[in-house]
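Please look through the sequence and the fold below before reading on. The paragraphs after it give a guided explanation.

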Amino acid sequence: VDTSDCYSIIVDDITTGKLPNKLIIYPNPASNYLIIEINDELINAKVEIMNIEGKLISTSSLSSIKTKIQISDFSKGIYYLRIIKSDRINTGIVILN
């Protein structure tokens with residue numbers, strides 16, 4: 001598999017426009033799992049994964065600074081990812097292949 005076009009997403013905070021201290025989601029594109037790395041302030045944040053139509057597919061919690069989320073049962077396509085903590089919402093797009 002050629003991964004030369006792969007890249008990590010650093011997600012911005014849509015409520016303030018500021019980058020969080022650390023929020024990295026990889027691999028992207030992905031096929032079996034996503035890894036989300038965060039800073040301490042986002043521990044226990046809620047993660048929502050939605051399909052391109054906005055339907056909620058998965059919900060989980062970030063219980064540590066590095067979390068692996070299984071996505072192997074998801075269909076190929078584009079998904080939205082939201083990380084929610086208090087009044088802060090971080091969003092991104094993930095491609096599953």
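What follows goes from the sheet to one of its residues and then to the nonpolar core.

This is a predicted model, in which local features need pLDDT of at least 70 and side-chain atom pairs count only at pLDDT 80 or more, while totals for chains, interfaces and linings use all residues. Residues are numbered from 1 along each chain as its sequence is written, and side-chain values use heavy atoms, with hydrogens and water left out.

Four strands (DSSP runs of E, at least two residues, numbered from the N terminus) form an open sheet in the order β5-β4-β7-β8, with antiparallel pairing, where pairing requires that DSSP finds at least two bridges between two strands. Because β5 (56–61) and β8 are at the edges and have a single partner strand each, one side of each is left without a neighbour in the sheet.

Within this sheet, β4 and β5 pair in the antiparallel sense over five bridges. Glu48 belongs to strand β4 and stands opposite Thr59 in β5. Glu48 is buried, with a relative accessible area of 6%, buried meaning under 20% relative accessible area with a 1.4 Å probe and protein chains only. Its side chain makes polar contacts (here, N or O atoms within 3.5 Å, one able to donate a hydrogen and the other to accept it) with the side chain of Lys46 at 3.1 Å and with that of Arg82 at 2.5 Å.

The largest nonpolar core, a set of buried Ala, Val, Leu, Ile, Met, Phe, Trp, Tyr and Cys residues joined through side-chain atoms within 4.5 Å, has 19 residues, and Leu34 is among those with the most contacts inside it. Elements giving two or more residues to this core include β4 (46–51) and β7 (77–85).

Technical notes
Buried means under 20% relative accessible area, exposed over 50%, partly exposed in between (1.4 Å probe, protein chains only).
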